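Subject: Structure handover

Hi,

Here is the structure I promised to pass on. Please open it alongside this note.

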Amino acid sequence: MEYHQLGALALFAFVSTFTPGPNNIMLMTSGANVGFKRTIPHMLGITFGFGAMLILVGIGLMSLFNAYPITHSILKVLSLSYLLYLTYKIATSGKTEAKHDFRPMSFLGAVAFQWVNPKGWSMALTAITVYSSKLVRG
């Protein structure tokens, strides 16, 4: 990456950190219920999960999807299944009586959630597309 692009990337990362979305809503809820310290694994899971997704998309995951369309369909089914599982868990969770009943999302749960987060996908694909077009133009 060229140095003049670093500023744009930093601004993009800063703005996307504070924009409304499922990650920020879940972190806010977790922080309000169990505090900052117990929410740290969730925050780290988001950071590493999105980073891993961005790297994998950047090194050619989209090429894999184009070469083998079934892999994209499999990922869609797995993502939908995970979202339905989360929906079920939320729908059947009942009312939380005390803060100690609330369990924040784990590191691995937050990593997995990045793969079904549409905002994350759109940001990753946009970043990779813009970066790729700059490489092609030279």
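Below is what turned up on the pocket and on the surface.

One caution before the findings: this is a predicted model.

The pocket

The largest pocket holds about 940 Å³ of space. Its lining comes from 25 residues. Nearest the centre of the pocket are Leu86, Lys89, Ile90, Phe102 and Arg103. Three helices give two or more residues each to this lining: α2 (22–34), α4 (69–91) and α5 (107–114). Of these, α4 gives the most, with seven residues.

What is the lining made of, by class? It has 11 nonpolar residues, nine polar ones and five charged ones.

The surface patch

There is also a nonpolar patch on the surface. Phe36, Ile40, Leu44, Phe48, Phe107 and Leu108 form it. Together they have about 610 Å² of accessible area. Two elements give two or more residues to the patch, α3 (36–67) and α5. The largest share is from α3, with four residues.

Phe107

Look at Phe107 in particular. It is one of the patch residues, and it lies in helix α5. Is Phe107 buried, partly exposed or exposed? Its relative accessibility is 33%, so Phe107 counts as partly exposed. The cut-offs behind that call are under 20% for buried and over 50% for exposed.

Helix α5 is worth viewing from both sides of this story. It gives residues to the lining of the largest pocket, and it gives residues to the nonpolar patch as well.

Best wishes

Note on methods
Residues are numbered from 1 along each chain as its sequence is written. This is a predicted model: local features need pLDDT of at least 70, side-chain atom pairs count only at pLDDT 80 or more; totals for chains, interfaces and linings use all residues. Side-chain values use heavy atoms; hydrogens and water are left out. On a 1 Å grid over the protein atoms alone, a cavity is a set of points where a 1.4 Å probe fits but cannot get out, and a pocket is an open set with protein on both sides within 12 Å along at least five of seven lines; lining residues have an atom within 4 Å of a point. Grid points are joined across faces, edges and corners, and a volume is the space filled by probe spheres set on the points. Ala, Val, Leu, Ile, Met, Phe, Trp, Tyr, Cys and Pro count as nonpolar, Asp, Glu, Lys and Arg as charged, and the others, Gly among them, as polar. Patches are made of residues with over 30% relative accessible area and no salt bridge: like charges are joined within 9 Å, nonpolar side chains (Val, Leu, Ile, Met, Phe, Trp, Tyr) within 5 Å. Accessible areas come from the Shrake-Rupley method with a 1.4 Å probe; for residues, only the protein chains shown count as cover. A salt bridge is a side-chain nitrogen of Lys or Arg within 4 Å of a carboxyl oxygen of Asp or Glu. Buried means under 20% relative accessible area, exposed over 50%, partly exposed in between (1.4 Å probe, protein chains only).
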